[in-house]
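Let's take a walk through this structure, starting with the overall layout and ending at the ligand.

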Amino acid sequence: MTAGLSVVCRGLVYIYRLDGYDIVALSGVDLDISAGESVALLGPSGSGKSTLLALLAGLLAPSAGRLTVGEHDLVRATAAELQAMRAADVGVVLQGAGRNLLPYLTAEQNVRFAQRGVPAERRRSLPDPREVLTTVGLTGRGRNRQRPQRLSPGERQRLALAVGLAGRPGLLLADEPTSQLDTRARDEVLLALDAVRRAGTTVVVVTHDPDVGRRMGRTVTIRDGRVGAEGRRGEDYAVVGRDGTVHLPQDVLRMLPPGTLVGVEPQPDGTVLLVPARANVEGVQ
Ligand SMILES: Nc1ncnc2c1ncn2[C@@H]1O[C@H](COP(=O)(O)OP(=O)(O)OP(=O)(O)O)[C@@H](O)[C@H]1O
């Protein structure tokens, strides 16, 4: 078993500075992920998913707010501490399997190479590369001795996962691990992610694929740089932001387009009614 790492984001902000302009990619993310939990990050293009993943990986430093991964405070950490965290505790699988792999090494050598980055005192307790390949279903038929080019797209993606897992991280982050795969290859990757989860690793996956979301147990939808909605055990919820705003689901937004005046009426049974103002009410257009 691997000791999964928890994640805490509080009012997390990230601003890109580009040609003198500020681009606010994350505008106050509040998110708790428990040790060993698996979460799919969903959301429209440009909503900030990849930026959040890069912050969790310690590849970007927060502009404001709080962020901890296990015992690591990623706001206070020095560059050397972040590097040590990445080497020992966090596995990152970049979008596009090939970007994670060295083409001239075999599958087994790719995993072994990734293990070299782990601090020496931890390296002794790492699993054999073949064991890591077994976790992602990549054993048999001599696949451990194949170079990435000789593997199928699904196998390559699973090898990329194995490379991310090589150092037995407490947190695995994967950006779009099932994109550009056919249904069968995608199912193989999902099975591999199930195995990673069962081993106790915390898993955060950025995806556009609703099936991946369903499989992960919990979905977190990023909208306009913050958590807009969550799905848990098949139920969908809007999330109240720290400023009291709520992103309404699309079907409700069609009934209450932006600019609609609504009365917010708490009910005795604990529910809350949103009542659109009638257009003929005096003073209300
Ligand atoms: N390197 C960068 N420099 C400037 N702005 C950036 C940079 N990377 C992302 N952005 C901007 O930050 C915002 C969030 O981008 P991000 O890539 O995190 O979103 P995303 O949800 O992952 O999108 P996608 O699903 O298309 O990958 C967008 O407005 C994007 O244009």
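Helices and strands here are DSSP runs, with at least four residues for a helix and at least two for a strand. Keep in mind that this is a predicted model. Over residues 7-249, the chain comes out as 30% helix and 28% strand, and the C-alpha atoms at the two ends of that stretch sit 26 Å apart. Those residues are what an unreviewed UniProt entry annotates as "domain: ABC transporter".

Now for the domain split. The chain is cut into domain 1, running over 7-247, and domain 2, running over 248-285. Their C-alpha centres are 38 Å from each other.

Next, find the ligand. Which residues surround it? Going along the chain, they are Tyr 16, Leu 18, Ile 23 and Ala 25, then Gly 43, Ser 45, Gly 46, Ser 47, Gly 48, Lys 49, Ser 50 and Thr 51. The elements that supply two or more residues to this shell are β1 (7-18), β2 (21-33) and α1 (49-56). By character, the shell has seven polar residues, four nonpolar ones and one charged one.

Which element gives the most to the shell? That's α1, with three residues, so it's worth a closer look. Most of α1 is covered, with six of its eight residues buried. The buried ones are Lys 49, Thr 51, Leu 52, Leu 53, Leu 55 and Leu 56. Lys 49 and Thr 51 also belong to the ligand's surroundings. After α1 comes Gly 58, which has a positive phi, near 75 degrees.

Definitions and conventions: Residues numbered from 1 in each chain as written. Predicted model: local features only at pLDDT ≥ 70, side-chain atom pairs only at ≥ 80, totals over all residues. Domains from an automatic or database assignment. Near = placed C-beta within 6 Å. Nonpolar A, V, L, I, M, F, W, Y, C, P; charged D, E, K, R; others polar. UniProt positions renumbered as here; feature names shortened; annotations may be inferred. Buried ≥ 20, exposed ≤ 12 C-beta atoms within 10 Å, placed from the backbone.
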